[in-house]
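Q: I'm new to this structure, and I'd like a close look at a single part of it. Could you pick out one helix, walk me through it, and then show me how its surroundings fit in?

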Amino acid sequence: MNKNINKTEQTKYDIKCAFLQLLETKKFEEITVREISEISGYHRSTFYLYFKNVNDVLWQVEKDLLDDFRDFLRTELMRVQPRTIDDFVRVVVYALRSRHRPDITQPIFLLMGDNGDHAFLNALKSHIKENMADLEQVNKMIDDDEKDYLIEFFASGAIAIVKKWFENGMNIPIEQAVSYLVKYSLAVINA
């Protein structure tokens, strides 16, 4: 029975990898079951054993990545225990960057990119915002409205910096990209 579970998981993994490989060059809406089947090496009937359609593959890939990101972020936040927004942003960027697979372009970046899914970005931002609300520096804000806007600003900024870094071919060390966000963040906080 364990062999079947392992084979099932491997098949699903291979199909997801084929989907992500296609997402590197095609918009999500243009990807077909036929293409996924050809790249993965499985017949279409095998595809339909595990997935309803291409949307289902996207949903499962996103769920896997979001669950992984959420768990990794929580673990890192407990380990580092950031007190300031800039420390928090560094942890978020590290969590985003650390989610990679050596055999394919980083899936989280693919889903954040032009060929990806806007709903994924919103879900990612939601996870960041949930964790940011506990920061001591954020909780010192007197006005709840200001706090809400500040959290939105930083969550969006962290995602934007990582996305831009990836779009630019990771042309600078990620720490330098993070330093830009921290620099801009401090300017906002101190304004």
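A: **A close look at helix α7**

In α7, the buried residues are Phe120, Leu121, Leu124, Lys125, His127, Ile128, Asn131 and Met132. Look down the axis of the helix and these buried residues fall within an arc of 155 degrees, so they line one face of α7. Keep in mind that this is a predicted model.

Now for the length of α7. With 15 residues at 1.5 Å a residue, α7 should span 21 Å, and its end C-alpha atoms are indeed 21 Å apart, which agrees.

Let's go to the end of the helix. Met132 sits in α7, which covers residues 118-132. Met132 is buried, with a relative accessible area of 0%. Met132 is also 8.0 Å from Ile85, C-alpha to C-alpha, although the two are 47 residues apart in sequence.

Next, a link to another helix. Lys129 and Glu152 meet through their side chains in a salt bridge, at 2.5 Å from N to O. That pair ties together distant parts of the chain, since Lys129 is in helix α7 and Glu152 is in helix α9, 23 residues apart. Both ends of the bridge are partly exposed: Lys129 has a relative accessible area of 25%, and Glu152 is at 28% relative accessibility.

So let's follow that link over to α9. The 24 residues of α9 should span 34 Å at 1.5 Å a residue, and the end C-alpha atoms are 34 Å apart, which agrees. Its buried residues are Lys147, Leu150, Ile151, Phe154, Ala155, Gly157, Ala158, Ile159, Ile161, Val162 and Trp165. After α9 comes Gly169, with a positive phi near 75 degrees. Met170 has a positive phi too, of about 50 degrees, although Met170 is not a glycine. Most residues other than glycine have a negative phi. You'll find Met170 in the loop between α9 (144-167) and α10 (174-190), and Met170 is partly exposed, with a relative accessible area of 37%.

There's another case like that elsewhere in the chain. Gln81 is not a glycine, yet has a positive phi of about 50 degrees. Gln81 belongs to the loop between α4 and α5 (85-98). Gln81 is exposed, with a relative accessible area of 57%.

Back to α7 for its part in the inside of the structure. The largest nonpolar core has 55 residues, and those touching the most other members are Phe19, Leu23, Ile36, Phe69, Met112, Phe120 and Leu124. Phe120 and Leu124 are also among the buried residues of α7. The elements giving two or more residues to this core are α1 (2-23), α2 (33-40), α4, α5, α6 (107-112), α7, α9 and α10. The largest share, 10 residues, comes from α4. In soluble globular proteins, nonpolar side chains tend to be buried together. To see how one core member is surrounded, try Phe19: leaving out residues up to four places away in sequence, Phe19 touches Phe28, Ile31, Ile36, Val54, Val57, Leu58 and Val61.

Since α4 gives the core its largest share, here is a little more on that helix. Asp56 lies in α4, which covers residues 54-80. Asp56 is buried yet has no salt bridge, and the nearest side chain of opposite charge, Lys52, is 5.5 Å away; a salt bridge here needs the nitrogen and oxygen to be within 4 Å. Setting aside residues up to four places away in sequence, Asp56 touches Tyr50 and Phe51.

Elsewhere in α4, charges do pair up. Asp67 and Lys63 form a salt bridge through their side chains, at 2.7 Å from N to O. They are 4 residues apart in helix α4, which means about one helical turn separates them. Asp67 is partly exposed, with a relative accessible area of 23%, and Lys63 is partly exposed at 38%.

Compare that with a pair in α2. Arg34 and Glu38 form a salt bridge whose closest N and O atoms are 2.8 Å apart. Being 4 residues apart in helix α2, Arg34 and Glu38 are also separated by about one helical turn. Arg34 is partly exposed, at a relative accessible area of 42%, whereas Glu38 is exposed, at 53%. Over the whole structure, a search finds 10 salt bridges.

Key:
Residues are numbered from 1 along each chain as its sequence is written. This is a predicted model: local features need pLDDT of at least 70, side-chain atom pairs count only at pLDDT 80 or more; totals for chains, interfaces and linings use all residues. Side-chain values use heavy atoms; hydrogens and water are left out. Buried means under 20% relative accessible area, exposed over 50%, partly exposed in between (1.4 Å probe, protein chains only). Lys and Arg count as positive and Asp and Glu as negative; His and the chain ends are not counted. Contact means heavy atoms within 4.5 Å. The expected span of a helix is 1.5 Å times one less than its number of residues. The arc is that of the directions from the helix axis to the C-beta atoms. A nonpolar core is a set of buried Ala, Val, Leu, Ile, Met, Phe, Trp, Tyr and Cys residues joined through side-chain atoms within 4.5 Å.
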